[in-house]
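Here is a short walk through a protein chain. Keep the sequence and the 3D view side by side as you read.

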Amino acid sequence: MVFDFPKLVWIVMGIDFAERVAYYTVAFSLYTYCVHMLRTGYTGANAITNAVYVVIPLSACAASGLADGPIGRPRILLSALYVYAAGLILLFASSLPFLFGSFPADPYVLSYVLFAVALATFGAGYGGMKVCTYPLMADSITARYAAADFEPRGVAGDALVLDRDAGSGEDEGPVKHRGAGLSAPSPSSASDLEYSLQRLFRVSYWTSNFGALVGIFVGPLLRNLDARTIQSGSATLTTGYYWSYFGAALVMVPAAVVFWKALHHFPEEQTCPPVFIFFRLLGRAVYYKCLFLVGRVTDEEFVASHRGDFLAYALYRAEGRSQQPHRTGYQSTTARDVTVCGAGDTMGGSSQAATARPVSPAATDGPPQQEGEEEGGLGANAEAALWVTDCRQTLHLCVAFVALPVYWMLCNQFSTNIMFQAEALNLPSWVPAEMFNNINTFTIIVFLLVCEKYVYERLKAKGHRAPPPHVRTTVGFVLMAVTMVWCGFVQISVRSRGFYNSDDAYQLHDGASKLSAGWLVLPYILQGVAAALVDPSVLEVAYGGAPPRMKGTVMGLYWVASSASGFLGMVFSPIMKPQHAVSLFFVFAVAQLAITAGFYYLNAKRPIPTVELADGSAQNSTIGAEA
């Protein structure tokens, strides 16, 4: 068992590796394909590539609600693989030479149509996959540690939930679990589990970046299989994009088949939330909050007792819409009625704090009323209160994602504006500008290997813990700002040696020579180190703090935050031209530093639940400090 990971982890990690190969075979040629083959111009290419990042979070939200529900993560992952592979096949078809009037010029309308459908399908499959892979791997490790410590009891899960009667508060049986997997590990193995999960996120991120390195390297080489070229200013580009897209599809189709064959090895979910429960409860809270704001529902006692608790409105059950004070039979449920999963606190207080739940007046004389169809199938009131607690914990985690939109917008610059900055430097004609992205990917691989071997393992051997996630993430954000400042000064030098014409192509001044491409090596290295610090750390917080029944939802929100960079990119796309690159780089650097300060302030002392121990207590970590 390599790295002490179960077999199922390696199956999913292999799928993720194949996806990264396919993605990066496509991603870093997509921008140049739009500019040079489809003739969209730089602004249009920015808008198109950012549109993909808009599709991804929509797909991630849809897939997360289904993956946490009755369908389950394995089946959603398989469906996403099919969609992703279909998108690559359509992309290949859209770029074939016979769909151009005079290849590589004059693409037909059908080429544009297929290209648009391919990008939508490609983004949908990508978003659907990413909310499933990391939770599936982490659940497998948690389940293995639980199986080593305990015999399975009741409903399997990786966090404890007491199964008690909401009315009497007396135990009705043994402690049971929510979610996928087996019972939580004992105190003796909790630290080993925590370290194994941290190692999983590092190793899986290393593996995915190794796949990215392969894709970045193979994509341009496949493109060179077509000897025809196209001229862009002083740059000469090859045109065999269809070979690159064919190679990406050739990787993903077998990967989908392999996972289909392995599907029966993944355990079925024994308990699962209703479909899209997080978004339904959030919408319900917004609905009732609006009713209170406009005065259609009034309940001063409820408002006073839940001031500042927005999600409590999701459990408010109005029996009328009059302007008079409105009594709903709303009562509190203490910890003996509802035990919160996965944390020693309820994200707003201790586990003994009152958790509100609505009941009808008749419910006080009998068992909790079932919500039924009118309540959207949320189940009993006590169970609905548990869902609201999980939603509250999920929203609490979102402070860890606050800086991701700006961070990823800057990362995207390395495949768009900075890549075209490389074209204005002194590069051999046979070296595509996309090859520069091998530098940061190679840096990630080397940096993670060195840290794993010489930092994390030695810290563990000495009984020390790694620096807390918020520190690692903050350092990565600062490094990203430094890369933007560096690229800004490089662009100043580029502009002093030449100019951009009306077609945004770079032209040298008479007698001038291009700046050496070596000036871009350092920012690509720093960006690689930043990514190696940020991404595994945020994934660690996202999985460790997620409620067991909403791990897919948390991953969906993580990808929403990351892909929000696409919305920002679309806002800036009209001015994302080489002529404005100097100002953009410095503005991006300032924005990254500002959002980093906010991230540090919000996350330095926020408690994040990690592993719940066998005795029902919780081993908590803090984003900003060791437990």
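Begin in strand 2, where Asp 106 is placed. This is a predicted model. Asp 106 is not a glycine, yet its phi is positive, near 60 degrees. Strand 2 covers residues 105-107, and a loop leads into it from strand 1 (100-102). Pro 104 lies in that loop. The peptide bond that runs from Phe 103 to Pro 104 is cis, and its omega is near 10 degrees.

Another positive phi is found at Arg 39. The value there is about 60 degrees, and again the residue is not a glycine. Arg 39 sits in the loop that links helix 1 to helix 2 (41-67). Is Arg 39 buried or exposed? It counts as exposed because its relative accessible area is 52%, and the cut-off for exposed is over 50%.

Now step back to the whole chain. It has 17 helices and twelve strands. Of its 627 residues, 57% are buried. Take the contacts between residues at least 6 apart in sequence: 77% of them join residues at least 24 apart.

Next, look inside. The largest nonpolar core holds 150 residues. Among those with the most contacts inside it are Tyr 84, Leu 88, Met 252 and Phe 259. Phe 401, Leu 404 and Leu 520 belong to that group as well. Which helix gives the most to this core? Helix 1, residues 7-37, does so with 19 residues. The core also draws on two domains, taking at least three residues from each. Domain 1 spans 1-148 + 187-272, and domain 2 spans 402-610.

Tyr 84 offers a view of the core from one residue. Set aside its neighbours within four places in sequence. Tyr 84 is then in contact with Glu 19, Ala 22 and Tyr 23. Its other partners are Phe 122, Gly 125, Tyr 126, Met 129 and Met 252.

Move on to the helices further along the chain. Two packed helices are described by the angle between their axes and the distance between the axes. Helix 13 (residues 437-461) packs on helix 15 (residues 521-545) at about 45 degrees, with the axes 7 Å apart. Helix 13 is therefore oblique to helix 15. Their crossing is right-handed. On the helix 13 side, the residues that meet helix 15 include Asn 437, Thr 443, Phe 447 and Leu 448. On the helix 15 side, they include Val 521, Tyr 524, Gly 528 and Ala 532.

Helix 14 packs on helix 15 too. Here the angle is about 155 degrees, and the axes are 8 Å apart. Helix 14 is therefore roughly antiparallel to helix 15. This crossing, of helix 14 and helix 15, is left-handed. From helix 14, Pro 469, Gly 476, Met 480 and Trp 486 are among the residues that take part. From helix 15, Leu 522, Leu 526, Ala 530 and Val 541 are among them.

Finish at the loop between helix 13 and helix 14 (469-497), where Pro 467 lies. Pro 467 is partly exposed because its relative accessible area is 36%. Not counting residues up to four places away in sequence, Pro 467 touches Leu 459 and Arg 472. Tyr 456 is eleven residues from Pro 467 along the chain, and their C-alpha atoms are 9.5 Å apart. Arg 472 also appears among the helix 14 residues that meet helix 15.

Notes. Residues are numbered from 1 along each chain as its sequence is written. This is a predicted model: local features need pLDDT of at least 70, side-chain atom pairs count only at pLDDT 80 or more; totals for chains, interfaces and linings use all residues. Side-chain values use heavy atoms; hydrogens and water are left out. A nonpolar core is a set of buried Ala, Val, Leu, Ile, Met, Phe, Trp, Tyr and Cys residues joined through side-chain atoms within 4.5 Å. Buried means under 20% relative accessible area, exposed over 50%, partly exposed in between (1.4 Å probe, protein chains only). Helices (H or I, at least four residues) and strands (E, at least two) are DSSP runs, numbered from the N terminus. Domain bounds come from an automatic or database domain assignment. Contact means heavy atoms within 4.5 Å. Axes are lines fitted to C-alpha atoms, for helices over the stretch in contact, and angles run from 0 to 180 degrees between N-to-C directions. Angles under 35 degrees count as roughly parallel, over 145 as roughly antiparallel, 65 to 115 as roughly perpendicular and the rest as oblique. A crossing is left-handed if the near helix is turned anticlockwise from the far one by less than a right angle, and right-handed if clockwise.
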